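Work through the exercises below with the sequence and the structure side by side, and try each task before reading its solution.

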Amino acid sequence: MDVPFKDKSGRQKTAATEAQSQQVQYTLGEQIGFYLRQANQRHVAIFASLMAERLTTTQWAALVRLQDLQPCSQGNLGRETAMDMATIKGVVDRLVKRGLVHTAPDATDARRLVLTLTPEGEATVARNLSVALQISQETLSTLTLAERMMLMELLQKIC
């Protein structure tokens, strides 16, 4: 049974009529998520076309951030790269399998894994830094310098 209620103007509505009203007002092409997803798809396509090491965007993020933080726990690396625990575990497992990351038990907490880059992981980051910068430049190539700065500032603000 649909229970009636009064909206802000005092008109009586039901949840069903309110949902219909909201549905009519929702236009996909006017939603931020629609454009964020398209921008991400464009960036990922550029990344895949230019990154020669068969790395994903999440693997690259993990490698670069780990280089800055190492030694680092897997959980901390997940937080630092904005990945949930399941995602960072999968990313780290694949990087370990490729010989780019080394794991060891934490000396103070056996439940925690400590991560470091292997020499091949270090070399992979070094080889691809200029490519990664090129990917960022290509992703933002349709924007002016001022627009690039504004976009970065606004994205940081909503994150």
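A residue is called buried when its relative accessible area is under 20%, exposed when that area is over 50%, and partly exposed in between. Keep in mind throughout that this is a predicted model.

**Exercise 1.** Find the helix that holds Leu36, and decide whether Leu36 is buried, exposed or partly exposed.

*Solution.* Begin with the position: Leu36 belongs to helix H2, which runs over residues 32-50. Next take its relative accessible area, which is 36%, so Leu36 is partly exposed. Finally, look at its partners on the surface, where Ile32, Leu36 and Ile158 make a nonpolar patch of about 310 Å².

**Exercise 2.** Describe the span of helix H3, and explain how its buried residues are placed around the axis.

*Solution.* Helix H3 comprises 13 residues, 57-69, and from its first C-alpha to its last it reaches 18 Å, close to the 18 Å expected at 1.5 Å a residue. The buried residues in H3 are Gln59, Trp60, Ala62, Leu63 and Leu66. Because they cover an arc of only 160° around the axis, they lie on the same side of H3.

**Exercise 3.** Locate Asp84, and work out which backbone nitrogen its side chain reaches at 2.7 Å.

*Solution.* Asp84 is found in the loop between helix H4 (74-80) and helix H5 (85-97). Its relative accessibility is 46%, and therefore Asp84 counts as partly exposed. The side chain of Asp84 reaches the backbone nitrogen of Thr87 at 2.7 Å, and it also reaches the backbone nitrogen of Ala86, at 3.2 Å.

Notes:
Residues numbered from 1 in each chain as written. Predicted model: local features only at pLDDT ≥ 70, side-chain atom pairs only at ≥ 80, totals over all residues. Heavy atoms only, no water. Helix = DSSP H or I, 4+ residues; strand = E, 2+ residues; numbered from the N terminus. Expected span 1.5 Å × (residues − 1). Buried < 20%, exposed > 50% of the residue type's maximum accessible area, 1.4 Å probe, protein only. Arc of directions from axis to C-beta. Polar contact = N/O pair within 3.5 Å; in protein donor to acceptor, adjacent residues only side chain to side chain. Patch = residues over 30% accessible without salt bridge, like charges linked within 9 Å, V, L, I, M, F, W, Y side chains within 5 Å. Areas by Shrake-Rupley, 256 points an atom, 1.4 Å probe, with all protein chains shown as cover. Salt bridge = Lys/Arg side-chain N within 4 Å of Asp/Glu carboxyl O.
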